[in-house]
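Colleague: Could you take a close look at one part of this model for me? I'd like to hear about the largest pocket and the helix packing that goes with this fold.

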Amino acid sequence: MKKYFIIQSLVLAFSIMYGSYSVNAQEETKHERLESARVAFITQRVDLKPDQAQKFWPVYNEFSDKRKEIKKALRKLRTGDIPADVSEEELKADIRKMMDYKQKELNLEKEYFDKFLTVISAKQVVQLIKAEKDFMVAIYKRLAEKDKQ
């Protein structure tokens with residue numbers, strides 16, 4: 001019965017994300033497969049019921065898109081090796097920008113915490129936070145295993 005429920009939840013999540021009930025695995029890109037795996041992982045870990053999933057995924061996708069934009073902007077900042085011709089003031093400005101982006105990310109998380117609570121329970125929000133971290137750890141482990149081979 002639990003398998004049926006998980007499958008039903010996944011189908012619902014896919015239909016919300018992709019607008020149809022059929023996803024051809026052969027046509028999926030690596031990014032789409034990763035995204036599908038993330039949806040399945042979070043749906044199962046957060047124990048989303050079908051009615052919750054229908055309301056949750058649009059809110060989560062909106063949150064995720066905004067967070068990706070902030071992270072993209074963060075990556076563009078000067079990090080790593082510092083060119084010799086960069087002034088102290090330029091570096092300070094970059095650090096301030098980095099802190100501003102991190103603050104924006106924190107503000108976004110606070111804003112969406114409240115939105116998530118209108119759709120799922122506080123316990124499920126905690127499970128979501130843990131599931132996101134666990135998913136990233138699992139991806140990094142898989143990548144490391146592939147590198148070893």
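**Helix crossing and pocket**

Modeller: Sure. H4 and H5 cross in a right-handed sense, and keep in mind that this is a predicted model. The contact is built from Phe113, Phe116 and Leu117 on the H4 side, with Ala122, Val125 and Leu128 coming from H5. Sorted by class, the residues of that contact are six nonpolar, no polar and no charged. As for the geometry, the two axes of H4 and H5 sit 9 Å apart and the helices pack at an angle of about 130°. That angle is why H4 counts as oblique to H5.

Now to the largest pocket, which has a volume of about 1200 Å³. Its lining counts 33 residues, and the ones that lie nearest the centre are Leu34, Arg38, Phe135, Met136 and Ile139. Four helices each supply at least two residues of that lining: H2 (30-46), H3 (50-76), H4 (88-117) and H5 (122-148). So H4 and H5, the pair from the crossing, both turn up here as well. H5 gives the largest share of the lining, with 13 residues.

The chemistry of the pocket lining is mixed: 17 nonpolar residues, 14 charged and two polar. Put that beside the H4 and H5 contact, where no charged and no polar residues appear, and you have the makeup of both places.

Methods
Residues numbered from 1 in each chain as written. Predicted model: local features only at pLDDT ≥ 70, side-chain atom pairs only at ≥ 80, totals over all residues. Heavy atoms only, no water. 1 Å grid on protein atoms, 1.4 Å probe; cavity = no way out; pocket = protein on both sides within 12 Å on 5 of 7 lines; lining within 4 Å. Points joined across faces, edges and corners; volume = space filled by probe spheres on them. Nonpolar A, V, L, I, M, F, W, Y, C, P; charged D, E, K, R; others polar. Axes fitted to C-alpha atoms, helices over the stretch in contact; angles between N-to-C directions. Parallel < 35°, antiparallel > 145°, perpendicular 65-115°, else oblique. Left-handed = near helix turned anticlockwise from the far one by under 90°. Contact = heavy atoms within 4.5 Å.
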